[in-house]
Amino acid sequence: LGDVYKRQAALALWLGFDRTRGGLFLCALTGVCGPLIEAALINGLHLYEYTWPDEGFLGTPSWICWVYAGGAPAVGAVGRLIRGELARSPAEGRAR
């Protein structure tokens with residue numbers, strides 16, 4: 001039941017802060033790639049582990065994909081902010 005709430009929260013974060021197809025794609029990509037990278041860190045490199053991973057994927061908890069997906073709108077917003085700042089500031093080394 002907790003996963004259902006986390007899935008709804010990830011969707012609400014996307015709806016509240018992004019609402020673009022690119023943002024939805026980033027949510028899905030982050031939700032898939034994040035746990036895969038964690039699984040490699042846990043099982044391949046043995047860098048850390050979850051105390052109670054439940055019935056998740058290769059040592060990761062089942063809810064972690066929704067946490068990654070919910071964080072994606074913030075990452076996208078920061079990326080757009082940086083892109084906007086870089087577009088406004090004069091590029092170094094450019095001929096004037």
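How do the axes of α2 and α3 cross, and within what distance do they come? In this predicted model, the two axes come within 7 Å and cross at roughly 130°. That angle makes α2 oblique to α3, because it falls outside the ranges that count as roughly parallel, roughly antiparallel or roughly perpendicular. The crossing of α2 and α3 is right-handed. On the α2 side, the contact is made by L26, C27, T30, G31, G34, P35 and E38, and on the α3 side by I64, C65, Y68, A69, A72, P73 and G76.

Helix α3 also packs against α1, and here the geometry can be described in the same terms. The axes of α1 and α3 come within 7 Å and cross at roughly 15°, so that α1 is roughly parallel to α3, an angle under 35 degrees being counted that way. In this pairing α1 passes α3 in a left-handed crossing. The residues of α1 that make the contact are D3, K6, R7, A10, L13, W14 and F17, and they meet W66, A69, G70, P73 and R80 of α3. A reader who compares the contact residues will find A69 and P73 of α3 named in the contact with α1 and named again in the contact with α2.

Between α1, which spans residues 2-17, and α2, which spans residues 21-44, runs a loop that holds D18. Is D18 buried or exposed? With a relative accessible area of 14%, D18 is buried, because the cut-off for that class is under 20%. Leaving aside its neighbours within four places in sequence, D18 is in contact with L13, G23, P73 and R80. Of these, L13 belongs to the α1 residues that contact α3, while P73 and R80 belong to the α3 residues on the other side of that contact. The side chain of D18 is also joined to that of T20 by a polar contact of 2.5 Å. By contrast, G31, which is 13 residues from D18 in sequence, lies 16 Å from D18 in space, C-alpha to C-alpha.

What joins the side chains of D18 and R80? The two meet in a salt bridge, with a distance of 3.9 Å from N to O. Because R80 lies in helix α3, which covers residues 64-88, and D18 lies in the loop between α1 and α2, the pair ties together parts that are 62 residues apart in sequence. The partners differ in exposure class, since R80 is partly exposed at a relative accessible area of 36%, whereas D18 is buried at 14%. Such a pairing follows a general pattern: side chains of opposite charge can pair when their charged atoms come close.

A search of the whole structure finds two salt bridges, and the other one joins E85 and R88, whose closest N and O atoms are 2.7 Å apart. Both of these residues lie in helix α3, three residues apart, which is about one turn of the helix. E85 counts as partly exposed at 41% relative accessibility, and R88 counts as exposed at 60%.

The loops contain two further residues that deserve a look at their backbone angles. Most residues other than glycine have a negative phi. Phi of R19, however, is near 65°, a positive value in a residue other than glycine. R19 is found in the loop between α1 and α2, and R19 is exposed, with a relative accessible area of 60%, although D18, also placed in that loop, is buried. In the loop between α2 and α3, L58 likewise has a positive phi, of about 50°, although L58 is not a glycine. L58 is exposed as well, because its relative accessible area of 51% is over the 50% cut-off.

Conventions
Residues are numbered from 1 along each chain as its sequence is written. This is a predicted model: local features need pLDDT of at least 70, side-chain atom pairs count only at pLDDT 80 or more; totals for chains, interfaces and linings use all residues. Side-chain values use heavy atoms; hydrogens and water are left out. Helices (H or I, at least four residues) and strands (E, at least two) are DSSP runs, numbered from the N terminus. Buried means under 20% relative accessible area, exposed over 50%, partly exposed in between (1.4 Å probe, protein chains only). Contact means heavy atoms within 4.5 Å. A polar contact is a pair of N or O atoms within 3.5 Å; within protein, one must be able to donate a hydrogen and the other to accept it, and residues adjacent in sequence count only if both atoms are side-chain atoms. A salt bridge is a side-chain nitrogen of Lys or Arg within 4 Å of a carboxyl oxygen of Asp or Glu. Axes are lines fitted to C-alpha atoms, for helices over the stretch in contact, and angles run from 0 to 180 degrees between N-to-C directions. Angles under 35 degrees count as roughly parallel, over 145 as roughly antiparallel, 65 to 115 as roughly perpendicular and the rest as oblique. A crossing is left-handed if the near helix is turned anticlockwise from the far one by less than a right angle, and right-handed if clockwise.
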